[in-house]
Amino acid sequence: MAMLDHADTFIVDVPTIRPHVLAMATMHAQTMVIVRLVDADGVDGVGEGTTIGGLSYGEESPESIKSAIDTYILPILRHCDIACVAATMAKVEKSVRGNHFAKCAVETALLDMAGKRLGVPVSELIGGGRVRDSLPVAWTLASGDTARDIAEGEEMLDRRRHRIFKLKIGKREVRDDVAHVGAICKALGDRASVRVDVNQNWTEAQARIGMAMLHDVGCDLVEQPIAGDAIAAMARLSKGQPIPLMADEALNGPRSAMRIASAHAASVFALKIAQSGGLFATADVAAIGTAAGIGLYGGTMLEGGVGTVASAHVFATLPDLAWGTELFGPLLQTEDILREPLGYADFSLAVPTGAGLGIAFDEDKLAFFRRDRTSPILHAVTAGA
Ligand SMILES: O=C(O)C[C@H]1C=CC(=O)O1
Ligand SMILES: [Mn+2]
């Protein structure tokens, strides 16, 4: 039995190492919502709810995530035995619709506490437990400049940090985007796997042409080329193309996974803990994908250390992770808010082995970057940089 004693939910803004150019926003900083729960015995747990570009990626903003947690979810937790994570989240589900990012942050914190109480890593509390200790990690080349992207890709290969690259396209003319991808495929050759993410920015007609052209220049995978709710069109594109289509924004938990699988609308799933509504829901999405013969990829919302490690614990339970992961979020930030930086080496991320999430904050950095304390980049963020 464990009762919630106190909670702290706060927004943290950390600059990115370079502008990150996506179809719908250019990021100069990442904004994370962190929730910290402490029970009556003093056991604490942390969770993260992070989106991209304010409200330009999804329906929850950092501010709405914090407000959903503080106003609606925490009062429910006060009446639960929070040692029972699934039962607690089932109660939350009954009173709070949607708000997947907020629920994910809270479920992560509860699992961190449960793991600490039981003395096991979070991965042992999901599905059948951990089947791998490290995960292949992609990097996103999205500086907005082809030559700079090639140089960055070369550097990552040299440092043996990444050999899977995702390119963000969909902002320019299809032909210009394909030329950009082709130049990078040519430069990196068979030393790397090159994939693209259109972030829903093409029409079906553009996607039909674009996907064929991308296949011809050596691209391996196309992520969410058209609107995520255009399931029938995704099915038409998946059927007629030699290049696999990966669902990202289309996936919002197990029910959407079932709809996409039934419609044959994707051949790969980008698993995301926040979009799915938590770690348990992500494992369900993965199970549906695997049963339907859909390949799995461990996606990111460019979370910091907490969300990245929470994702890693889920992905470490998946026997088939054919497309690897993209859990590089903390590396895109200028500062790591964790006391011990995560272990990136040999093109992989080591999944922490300690109890719970297996991480701890650097409290000074956290205090510095908190928006409600001294955050030095608040102005840049609110100015929509
Ligand atoms: O997949 C997305 O749309 C979001 C994200 C993941 C990697 C990256 O650079 O952006
Ligand atoms: Mn995506």
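In strand 2, valine 33 is the bridge partner of isoleucine 11. That pair is a handy way into this structure, which is a predicted model.

**The antiparallel sheet**

Stay with those strands for a moment. Strand 1 and strand 2 run antiparallel and are joined by 13 bridges. Right beside the pair just mentioned, valine 12 stands opposite methionine 32 in strand 2. As a reminder, side chains in a regular strand alternate between the two faces of the sheet. The two strands make a hairpin, with four residues between them.

On we go to strand 3. Strand 2 pairs with strand 3 over seven bridges, again in the antiparallel sense. Here valine 38 has aspartate 44 of strand 3 opposite it. This hairpin also has four residues between its strands, and glycine 42 in it takes a positive phi near 90°.

Put together, you get an open sheet of three strands in the order 1-2-3, with antiparallel pairing. Strand 1 and strand 3 are the edge strands, each pairing on one side only. From one strand to the next, the twist averages 20°.

What lies across strand 1, strand 2 and strand 3? Helix 1 (residues 62–77) does, running at about 160° to strand 1. Helix 11 (residues 305–315) packs on the sheet too, touching strand 2 and strand 3, and its direction makes about 100° with that of strand 3.

**The parallel sheet**

The other sheet to look at is an open one of seven strands, with the order 5-6-7-8-9-10-11 and parallel pairing. Strand 5 (139–141) and strand 11 (295–298) sit at the edges with a single partner strand each, so one side of each has no neighbour in the sheet.

Inside this sheet, strand 7 (residues 193–197) and strand 8 (residues 222–223) run parallel and are joined by two bridges. Aspartate 197 stands opposite glutamate 223 in strand 8. Helix 10 (residues 279–291) lies across strand 10 (268–271) and strand 11, at about 170° to strand 10.

Here are the strand pairs with bridge counts, from both sheets:

| Strand pair | Direction | Bridges |
|---|---|---|
| Strand 1 and strand 2 | antiparallel | 13 bridges |
| Strand 2 and strand 3 | antiparallel | seven bridges |
| Strand 7 and strand 8 | parallel | two bridges |

**How the domains meet**

The chain divides into domain 1 (4–120 + 361–382) and domain 2 (125–350). Taken over C-alpha atoms, their centres are 23 Å apart. How many residues of domain 1 are in contact with domain 2? The count is 39, and they meet 34 residues of domain 2.

On the domain 1 side, the elements giving two or more residues to this contact are strand 1 (4–21), strand 2 (26–39), strand 3 (44–50), helix 2 (85–95), helix 3 (100–118) and helix 12 (363–369). By residue class, that side of domain 1 comes out as 23 nonpolar, 10 polar and six charged.

UniProt also has an annotated stretch here: an unreviewed entry lists residues 147–244 as "domain: Mandelate racemase/muconate lactonizing enzyme C-terminal". Over residues 147–244 the chain is 51% helix and 12% strand, with the end C-alpha atoms 27 Å apart.

**Ligand 1 and the annotated site**

Which residues surround ligand 1? They are Ile52, Thr140, Ala142, Lys166, Asp197, Asn199, Asp248, Gly299, Thr300, Leu302 and Glu326. This shell splits into three nonpolar, four polar and four charged residues. You have already met one of them: Asp197 belongs to the shell, and aspartate 197 is the residue opposite glutamate 223.

The unreviewed UniProt entry lists Lys168 and Glu326 under "active site". They span 159 residues in sequence, yet their C-alpha atoms are no more than 13.2 Å apart, so they gather at one spot. Lysine 168 lies in strand 6 (residues 164–168), while Glu326 is among the residues surrounding ligand 1.

How values were computed
Residues are numbered from 1 along each chain as its sequence is written. Chains are lettered from A and ligands numbered from 1 in the order in which they are written. This is a predicted model: local features need pLDDT of at least 70, side-chain atom pairs count only at pLDDT 80 or more; totals for chains, interfaces and linings use all residues. A residue is near a molecule or strand if its C-beta atom, placed from the backbone, lies within 6 Å of it. Ala, Val, Leu, Ile, Met, Phe, Trp, Tyr, Cys and Pro count as nonpolar, Asp, Glu, Lys and Arg as charged, and the others, Gly among them, as polar. UniProt positions are given in the numbering used here, feature names are shortened, and annotations may be inferred rather than shown by experiment. Two strands pair if DSSP finds at least two bridges between them. Two residues are in contact if their C-beta atoms, placed from the backbone, lie within 7 Å. Axes are lines fitted to C-alpha atoms, for helices over the stretch in contact, and angles run from 0 to 180 degrees between N-to-C directions. Domain bounds come from an automatic or database domain assignment.
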